[in-house]
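The following exercises, each with a worked solution, introduce one protein chain. Please study the sequence and the structure before reading on.

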Amino acid sequence: MAWLFFIMIPVGLALADTVFLKNGDRISGDIKSLDGGKLVLQTTYGGLLSLDWSAVSTLQSESPLLLRNGSLGAEYLLKVQSAKPGHVVVSDKITRKDVPIATIRQFVKPKPRVTDLVWNGNADIGVNLQKSSTRSQNYALDFNGKLSHGMWRHDFGGTYNRETENSTVNTENYSARYSLDHFINQKLFWQGRLIFKRDWVEDLSRQFLVGTGPGYQFWDNELGAFSLTALLGRVNYLYSDGEQDHFSATGIRWDYGRFIFGKRLELYARGEFAHSLSGDTSSLDADTGIRYKLTDRATLNLSYGYDRVSGTRDSLNERTLTTGLGVIW
């Protein structure tokens with residue numbers, strides 16, 4: 001059986017994607033994306049590599065890539081094979097075409113839904129500069145995670161904020177959320193969602209939201225993801241003296257993320273807006289920011305958050321600027 005082992009070694013190596021550089025070097029790994037003049041390649045020996053596209057002579061990918069036609073605004077799933085210097089061969093089941101490599105501006109490797117568990121997320125910790133009624137320091141923790149398995153996706157996360165001024169606690173709260181998505185096809189899904197918020201300082205001490213509705217995944221690939229969800233549900237507000245408000249509400253949720261500069265910098269914006277079906281009560285909880293990768297795991301973060309509740313006996317209106325370090329996986 002020893003001969004079988006030696007035969008299997010080159011076969012396994014041949015399955016890797018290969019990038020041929022103009023200086024004669026050859027790099028093997030898993031091609032992830034091309035965007036902004038940077039080719040991103042995952043390797044077992046050097047982690048995530050970002051190569052100048054102008055330095056690439058030709059390349060080949062063992063699985064199809066999603067190439068974008070800039071003039072037509074269309075995307076094509078094509079296999080890319082090496083060719084003479086400065087060219088690649090792109091092909092589908094019917095046609096083959098020799099293409100100058102300089103004309104290719106962007107491509108990504110699709111992320112098909114698989115039966116294996118896929119987990120990714122981030123955790124950020126930092127110091128906030130909060131502008132509401134006062135200016136002060138705020139210790140903040142933010143955690144987000146997604147777990148996908150076949151046509152199911154679990155999305156969960158939480159936050160914690162504590163602000164002190166002259167030994168007086170001005171802010172102390174936490175939130176937790178969980179949503180379960182079931183994909184009907186590659187784009188359309190149905191979501192169930194739970195949110196709980198606890199505040200030890202504000203009169204509005206507890207918020208509980210439950211909702212369900214359809215969502216649409218516009219894209220989800222190596223360069224980022226964007227989805228919108230429409231929700232119908234129930235909201236429960238509990239105040240510090242024990243009084244409560246209950247009402248049905250509609251809402252919309254968005255989740256956007258985009259990598260640029262060879263996946264070194266991530267732009268993101270996520271949040272949701274809800275409005276009662278009877279009355280003028282509404283809420284908006286959103287944050288947007290940038291995340292810069294110091295290493296494959298460590299990040300430097302800057303985010304801006306906005307949390308507003310109106311139409312209740314205790315209005316909430318907070319804006320938060322956060323800087324800090326984080327980890328991604």
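Leu49 is partly exposed, because its relative accessible area is 24%. The model is a predicted one, and the exercises below begin with this residue.

**Exercise 1. Determine where Leu49 lies and which residues it touches.**

Step 1. Leu49 is placed in strand β4, which covers residues 47-52.

Step 2. The class of Leu49 follows from the cut-offs: a residue is buried under 20% relative accessible area and exposed over 50%, with partly exposed in between. The value for Leu49 is 24%, so this residue is partly exposed.

Step 3. Leaving aside residues up to four places away in sequence, Leu49 touches Ile27, Leu39, Val40, Leu41 and Thr43.

Step 4. A distance completes the description: 31 Å separate the C-alpha atoms of Leu49 and Lys93, which are 44 residues apart along the chain.

**Exercise 2. Describe the chain as a whole in terms of its secondary structure, extent and burial.**

Step 1. The secondary structure consists of one helix and 22 strands.

Step 2. The C-alpha trace spans about 75 × 50 × 45 Å along its principal axes.

Step 3. The chain has 329 residues, and 42% of them are buried. Its accessible surface is about 17,900 Å², with 61% belonging to carbon and sulfur atoms.

Step 4. Among contacts with a separation of 6 or more, 48% are between residues 24 or more positions apart.

**Exercise 3. Identify the residues that touch the most other members of the largest nonpolar core, and the strands that supply this core.**

Step 1. As a general background, nonpolar side chains tend to be buried together in soluble globular proteins.

Step 2. The largest nonpolar core has 21 residues, of which Val19, Leu39, Trp53, Leu59 and Phe107 touch the most other members.

Step 3. At least two residues of this core come from each of β1 (17-21), β2 (26-35), β3 (38-43), β5 (56-60), β6 (65-69), β7 (74-82) and β8 (87-91). The largest share, three residues, is that of β2.

Step 4. Leu39 serves as an example: beyond residues up to four places away in sequence, its contacts include Val19, Ile31, Leu49, Trp53, Leu59 and Phe107.

Step 5. There is also a second, separate core of 10 residues, with Ile195, Val235, Phe247 and Leu316 among them.

**Exercise 4. Trace the salt bridges of Asp30 and Glu222 and state which parts of the chain they link.**

Step 1. The structure holds 22 salt bridges. In general, side chains of opposite charge can pair when their charged atoms come close.

Step 2. Asp30 forms a salt bridge with Lys109, and their closest N and O atoms are 2.7 Å apart. This pair links distant parts of the chain, since Asp30 is in strand β2 and Lys109, 79 residues apart from it, is in the loop between β10 (107-108) and β11 (118-131). Asp30 has a relative accessible area of 27% and is therefore partly exposed, whereas Lys109, at 9%, is buried.

Step 3. Glu222 forms a salt bridge with Lys32, with 3.7 Å between the closest N and O atoms. Glu222 lies in the loop between β16 (204-221) and β17 (224-239) and Lys32 lies in strand β2, so this pair ties together parts 190 residues apart in sequence. Both Glu222 and Lys32 are buried.

Step 4. Glu222 also forms a salt bridge with Lys263, where the closest N and O atoms are 3.2 Å apart. Lys263 lies in the loop between β18 (244-260) and β19 (265-276), so this second pair ties together parts 41 residues apart in sequence.

Step 5. A network of salt bridges links Asp17, Asp30, Lys32, Lys109, Glu222 and Lys263.

**Exercise 5. Contrast Phe261 and Lys263 with regard to phi and burial.**

Step 1. Most residues other than glycine have a negative phi.

Step 2. Phe261, although not a glycine, has a positive phi of about 55 degrees. Lys263 is likewise not a glycine and has a positive phi of about 65 degrees.

Step 3. Phe261 is found in the loop between β18 and β19, and Lys263 is placed in the loop between β18 and β19.

Step 4. Phe261 has 55% relative accessibility and so counts as exposed. Lys263 has a relative accessible area of 11% and is therefore buried.

Terms used. Residues are numbered from 1 along each chain as its sequence is written. This is a predicted model: local features need pLDDT of at least 70, side-chain atom pairs count only at pLDDT 80 or more; totals for chains, interfaces and linings use all residues. Side-chain values use heavy atoms; hydrogens and water are left out. A nonpolar core is a set of buried Ala, Val, Leu, Ile, Met, Phe, Trp, Tyr and Cys residues joined through side-chain atoms within 4.5 Å. Buried means under 20% relative accessible area, exposed over 50%, partly exposed in between (1.4 Å probe, protein chains only). Helices (H or I, at least four residues) and strands (E, at least two) are DSSP runs, numbered from the N terminus. Contact means heavy atoms within 4.5 Å. A salt bridge is a side-chain nitrogen of Lys or Arg within 4 Å of a carboxyl oxygen of Asp or Glu. Accessible areas come from the Shrake-Rupley method with a 1.4 Å probe; for residues, only the protein chains shown count as cover.
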